[in-house]
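Visitor: Could you take me on a close look at a single part of this structure, the largest pocket and what surrounds it? I would enjoy one connected account.

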Amino acid sequence: LGTVGDPSLQFTGDVNTGIYSPSADRVNVAHGGIGTTLGGILDRDVVTADVVNTVTETTVYTFSVPASTLSTNRALRLTLIGDYLNNTGATSALTIRVKYGGVVIATNPALSVGISPNRRSLSIRVMLSANNATNAQVSGGDIVLGPIDTAVGTFNTGATNWVGVHNAVAVDSTLAQTLEATIQHGTADANISGRALAVQVELL
């Protein structure tokens with residue numbers, strides 16, 4: 001696997017510059033004995049997760065972020081594409097949460113969503129960045145719930161858009177930590193559904 005000072009793939013005459021793997025499923029670049037984690041897609045999930053007929057907060061996506069991934073200056077970006085349906089006779093509350101290490105880093109105020117036989121688009125874009133320390137982070141992004149009938153390729157105005165920043169996340173990123181997204185309904189009904197259709201996490 002090699003080390004930062006002696007990478008397994010190195011240049012002739014320059015033993016501390018090359019490529020090494022500090023742990024399972026990770027590739028780093030060493031330059032002059034200093035390690036840099038390569039960016040790119042860390043994880044993707046395209047299996048539909050549907051939260052229906054329950055008021056229990058339910059995880060629709062989860063990923064174990066390897067220890068030391070964020071370091072002191074790296075960032076993660078989570079992007080979720082989903083949809084939402086309330087085809088009952090009354091409004092119902094919807095709460096979305098994104099968590100890192102069990103800490104909520106992004107959420108929306110509980111929203112009473114109106115009824116419709118057609119699904120609405122749901123999208124989440126959240127970035128979590130180290131804040132010059134391995135146990136300090138900041139996050140920001142948006143959670144967007146589209147108007148009625150925007151889950152079949154029709155883009156429209158009138159979306160409910162929550163934006164925000166968490167400026168004081170304090171999770172020990174030297175340990176493996178869980179990154180997850182959850183959906184919670186205010187009413188349990190077979191005609192209330194929140195789905196995650198595709199999710200990806202990037203290392204920046």
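Guide: Gladly. A pocket here is an open set of points on a 1 Å grid over the protein atoms alone, with protein on both sides within 12 Å along at least five of seven lines, and a volume is the space filled by probe spheres set on the points. Please keep in mind that this is a predicted model.

In those terms, the largest pocket holds about 310 Å³ of space. Its lining is made of 18 residues, and Ser-121, Leu-122, Ser-123, Thr-150 and Phe-155 lie nearest its centre. By type, the lining divides into eight nonpolar, eight polar and two charged residues. At least two lining residues come from each of three strands: E8 (75-86), E12 (120-133) and E13 (136-148). E12 gives the most, with four residues.

Let us follow E12 outwards from there. E12 pairs with E13 in the antiparallel sense over eleven bridges, and the two form a hairpin with two residues between them. Ser-123, one of the residues nearest the pocket centre, stands opposite Val-144 in E13. E13 is also joined to strand E14 (residues 160-169) by eight bridges, again antiparallel. In that pairing, Ile-143 stands opposite Trp-162 in E14.

E8 and E12 turn up again at an enclosed space. A search of the whole structure finds one cavity of 30 Å³ or more, with about 30 Å³ of space in it. Its lining consists of Leu-76, Arg-77, Leu-78, Val-98, Ile-105, Val-126, Met-127, Leu-128 and Leu-179. E8 and E12 are the elements that give two or more residues to this lining. The make-up here is eight nonpolar residues, no polar ones and one charged, whereas the pocket lining has eight polar residues among its 18.

From the cavity we can step into the largest nonpolar core, which has 36 residues. In soluble globular proteins, nonpolar side chains tend to be buried together. Those with the most contacts inside this core are Val-60, Leu-78, Leu-80, Tyr-100, Ile-105, Ile-124 and Leu-179. Leu-78, Ile-105 and Leu-179 also line the cavity.

Ile-105 makes a good place to pause. Leaving aside residues up to four places away in sequence, Ile-105 touches Val-98, Lys-99, Tyr-100, Val-126, Leu-128, Ser-139, His-166, Val-169 and Leu-179. Among these neighbours, Val-98, Val-126, Leu-128 and Leu-179 line the cavity as well, and Tyr-100 and Leu-179 are listed with Ile-105 for the most contacts inside the core.

Definitions and conventions
Residues are numbered from 1 along each chain as its sequence is written. This is a predicted model: local features need pLDDT of at least 70, side-chain atom pairs count only at pLDDT 80 or more; totals for chains, interfaces and linings use all residues. Side-chain values use heavy atoms; hydrogens and water are left out. On a 1 Å grid over the protein atoms alone, a cavity is a set of points where a 1.4 Å probe fits but cannot get out, and a pocket is an open set with protein on both sides within 12 Å along at least five of seven lines; lining residues have an atom within 4 Å of a point. Ala, Val, Leu, Ile, Met, Phe, Trp, Tyr, Cys and Pro count as nonpolar, Asp, Glu, Lys and Arg as charged, and the others, Gly among them, as polar. A nonpolar core is a set of buried Ala, Val, Leu, Ile, Met, Phe, Trp, Tyr and Cys residues joined through side-chain atoms within 4.5 Å. Buried means under 20% relative accessible area, exposed over 50%, partly exposed in between (1.4 Å probe, protein chains only). Contact means heavy atoms within 4.5 Å. Two strands pair if DSSP finds at least two bridges between them.
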